[in-house]
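Welcome, and please open the structure in your viewer. We will go from stop to stop, with something to select at each one.

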Amino acid sequence: MTSSVATPTGLAPQEAQVVESVPTGLYIGGSWRPSGSGATFPVEDPSTNQVLAQVADAGPEDARAALDAAVAAQEGWAACPPRERGEILRRAFEAIMDRQEELALIMTLEMGKPLSESRAEVAYAAEFFRWFSEEACRIAGRYAKAPNGAGRLVTMRQPVGPCLLITPWNFPLAMATRKVGPAVAAGCTMVLKPAALTPLSALAVTQILADAGLPGGVLNVITTTKAGPTTGPVISDPRLRKLSFTGSTEVGHALMAQASEQLLRISMELGGNAPFLVFEDADLDAAVEGAMVAKMRNGGEACTAANRFHVAEPVADAFASKLAERMAAVKVGRGTEEGVQLGPLVDQPTRSKVSELVEDAAGKGAKVLTGGEAMDGPGYFYRPTVLAGVPAGARCLSEEIFGPVAPITTFSTEEEAIASANDTEYGLVAYLYTRDFSRALRVTEALESGMVGLNQGMVSNPAAPFGGVKHSGLGREGGAEGIEEYLSIKYLAFTLG
Ligand code: NAD
């Protein structure tokens with residue numbers, strides 16, 4: 001069953017102008033160039049299916065050239081004073097904020113999210129540069145007396161060396177700056193590979209960093225439709241020191257296996273299956289508000305998206321009907337239109353998976369309170385959906401939905417709520433609504449996740465350590481912890497004569 005959404009086709013002059021301003025080549029050793037083969041690939045607007053730009057399609061030789069440039073620049077970059085590294089990031093932060101509108105438009109065109117969300121992502125992305133511009137000058141070691149009283153222990157933290165950074169399509173700018181910011185601050189050089197669905201935001205920020213004074217070779221960017229064959233030889237190259245990946249757990253597993261050959265330092269920000277717990281004592285309106293943020297930020301296409309709602313039995317019906325009312329009122333459309341709150345899903349496979357999960361749950365007895373269908377016309381739109389009474393065994397409770405679908409189940413005791421929340425191989429984030437402070441701490445301690453949102457539907461903050469446990473990954477991005485991923489500790493031993 002389908003219903004329609006009005007989506008204008010064709011780019012407005014201002015849209016065409018910002019898209020044309022984005023470089024579409026590979027950025028290697030401080031200059032833009034076509035791929036060695038001359039191949040390009042199209043980037044599409046998921047609202048209209050219109051091609052926005054043709055971007056260079058790199059192959060293994062291009063990736064090697066990018067690594068060559070990163071390796072050549074490493075020694076000089078590590079020697080660059082921390083203050084200078086920080087000031088480059090600070091200038092880039094300011095330039096991004098000066099161009100927030102333009103960057104938001106590029107993001108909305110390539111990814112589909114509403115302009116209001118793109119503006120928020122641009123600010124969030126820029127903040128990683130500001131945060132790490134400050135952290136660049138706080139890289140320190142320690143000096144200690146050994147237990148025997150004669151020895152002295154000195155530690156220093158040094159850049160790990162050339163890094164490969166691989167990012168997903170859902171937050172096209174922030175996932176790049178969350179890696180590039182700390183790598184620049186730590187004194188590492190890099191090869192960045194953004195997702196082929198949304199490369200334009202990363203290409204635009206690359207030019208901003210170059211204009212901010214980042215020396216050639218420090219950041220090299222390759223775009224490609226052949227991710228595995230192109231990055232594989234870089235991962236196997238003994239000159240690479242670190243792999244930082246954000247994306248699906250499936251690809252993360254494969255990359256960890258590859259990275260083990262060279263014993264690379266790794267950071268893995270992988271998939272999620274966030275539980276959203278609403279206890280009987282919660283402020284129900286606040287919980288619904290938080291549910292809208294946790295579910296609908298980025299249209300549900302977020303690793304942190306609330307994937308399943310576990311609600312105390314006595315308040316479950318009220319929560320479900322309030323949430324359904326809010327979801328039914330969401331304005332769906334092309335992200336560039338004023339007032340639109342939900343754009344399209346990023347592509348057809350993503351929408352088909354969402355449809356499949358909803359049909360599976362409905363087939364197993366879940367009640368569709370609102371939505372439950374794709375929308376006609378160009379673009380990959382799917383209606384905001386609430387499913388009540390979702391039975392155990394429905395796939396949407398165990399798989400990442402990555403769309404605007406809220407499945408609701410119930411619990412009767414705190415123990416049952418915790419057991420359901422932890423009944424997943426993922427462990428990125430969990431949300432918890434209660435007014436009982438002891439319960440909040442008790443449940444937080446018992447949750448198997450890297451992050452917990454207490455009475456709030458969003459945890460992302462550049463000043464906080466973002467990351468997961470279990471199959472949601474390894475390492476942390478942001479916060480004081482974020483730069484550690486790009487530093488190695490060296491210990492110096494000596495004895496006083
Ligand atoms: P994906 O794993 O398909 O792709 C991520 C990136 O890896 C892309 O750049 C892709 O081209 C590249 N890639 C794919 N196969 C590769 C291979 N064999 N070798 C090297 N690179 C390869 O994920 P996606 O669909 O782009 O993103 C959605 C996923 O990302 C979801 O699972 C989501 O939860 C996760 N995600 C996690 C976080 C986090 O911080 N934990 C943040 C955002 C997204």
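Is glutamate 414 buried or exposed? Select glutamate 414 and switch on a surface: its relative accessibility is 11%, so it counts as buried, the cut-off for that word being under 20%. Keep in mind on this tour that the model is predicted.

**Stop 1: from glutamate 414 to its partner**

Keep glutamate 414 selected and add arginine 442. The two form a salt bridge, with 2.8 Å between the closest N and O atoms. Glutamate 414 belongs to helix α13 (residues 414–422) and arginine 442 to helix α14, so this pair ties together parts that are 28 residues apart in sequence. Unlike the buried glutamate 414, arginine 442 is partly exposed, at 41% relative accessibility.

Now widen the selection to Asp281, Glu414, Arg439 and Arg442: salt bridges with shared partners join these residues into one network.

**Stop 2: the other salt bridge to look at here**

Next, select aspartate 281 and arginine 439. Their side chains meet in a salt bridge, at 2.6 Å from N to O. Distant parts of the chain are linked by this pair: aspartate 281 sits in the loop between β13 (274–278) and α10 (284–296), while arginine 439 is in helix α14 (residues 437–446), 158 residues apart. Which of the two words, buried or partly exposed, fits arginine 439? With a relative accessible area of 18%, arginine 439 is buried. Aspartate 281, at 24% relative accessibility, counts as partly exposed.

**Stop 3: across two helices**

Select arginine 326 and glutamate 289 to see another salt bridge, this one at 2.9 Å from N to O. Arginine 326 is in helix α11 (residues 313–328) and glutamate 289 in helix α10, so to speak two distant parts of the chain, 37 residues apart. Both ends count as partly exposed: arginine 326 at 34% relative accessibility and glutamate 289 at 41%.

How many salt bridges does the rule count? The count comes to 25.

**Stop 4: a buried asparagine**

Move to strand β14 (residues 306–312) and select asparagine 307, which lies in it. At 3% relative accessibility, asparagine 307 counts as buried. What does its side chain meet? Show the backbone of cysteine 396: its oxygen is 3.2 Å from a polar atom of the asparagine 307 side chain. Then show isoleucine 401, whose backbone nitrogen lies 3.0 Å from a polar atom of that side chain. To see the surroundings, add the residues in contact with asparagine 307 beyond its neighbours within four places in sequence; among them are Asn273, Ala274, Lys295 and Pro407.

**Stop 5: two domains**

Zoom out and colour by domain. Domain 1 covers 9–270 + 473–490, and domain 2 covers 274–461. Their centres, taken over C-alpha atoms, are 30 Å apart.

Select the residues where the domains touch: 27 residues of domain 1 are in contact with 29 residues of domain 2. Between them the two domains bury about 2200 Å², with 53% of that on carbon and sulfur atoms.

How many salt bridges cross this interface? The rule finds two. To see a salt bridge, select arginine 334 and glutamate 15, whose closest N and O atoms are 3.3 Å apart. Eleven residue pairs are in polar contact between domain 1 and domain 2. On the side of domain 1 that touches domain 2, the elements giving two or more residues are β4 (40–45), α4 (100–111) and α5 (115–135). By class, that side has twelve nonpolar, eight polar and seven charged residues.

**Stop 6: two backbone angles**

Most residues other than glycine have a negative phi. Select leucine 263, in the loop between α9 (249–260) and β12 (265–269). Its phi is positive, near 50°. Leucine 263 counts as exposed, at 74% relative accessibility.

Finish at asparagine 455, found in the loop between β20 (451–454) and β21 (473–474). Asparagine 455 also has a positive phi, about 55°, although it is not a glycine. With 38% relative accessibility, asparagine 455 counts as partly exposed.

Terms used. Residues are numbered from 1 along each chain as its sequence is written. This is a predicted model: local features need pLDDT of at least 70, side-chain atom pairs count only at pLDDT 80 or more; totals for chains, interfaces and linings use all residues. Side-chain values use heavy atoms; hydrogens and water are left out. Domain bounds come from an automatic or database domain assignment. Contact means heavy atoms within 4.5 Å. Buried area is the accessible area (1.4 Å probe) that two parts lose on being put together, summed over both. A salt bridge is a side-chain nitrogen of Lys or Arg within 4 Å of a carboxyl oxygen of Asp or Glu. A polar contact is a pair of N or O atoms within 3.5 Å; within protein, one must be able to donate a hydrogen and the other to accept it, and residues adjacent in sequence count only if both atoms are side-chain atoms. Helices (H or I, at least four residues) and strands (E, at least two) are DSSP runs, numbered from the N terminus. Ala, Val, Leu, Ile, Met, Phe, Trp, Tyr, Cys and Pro count as nonpolar, Asp, Glu, Lys and Arg as charged, and the others, Gly among them, as polar. Buried means under 20% relative accessible area, exposed over 50%, partly exposed in between (1.4 Å probe, protein chains only).
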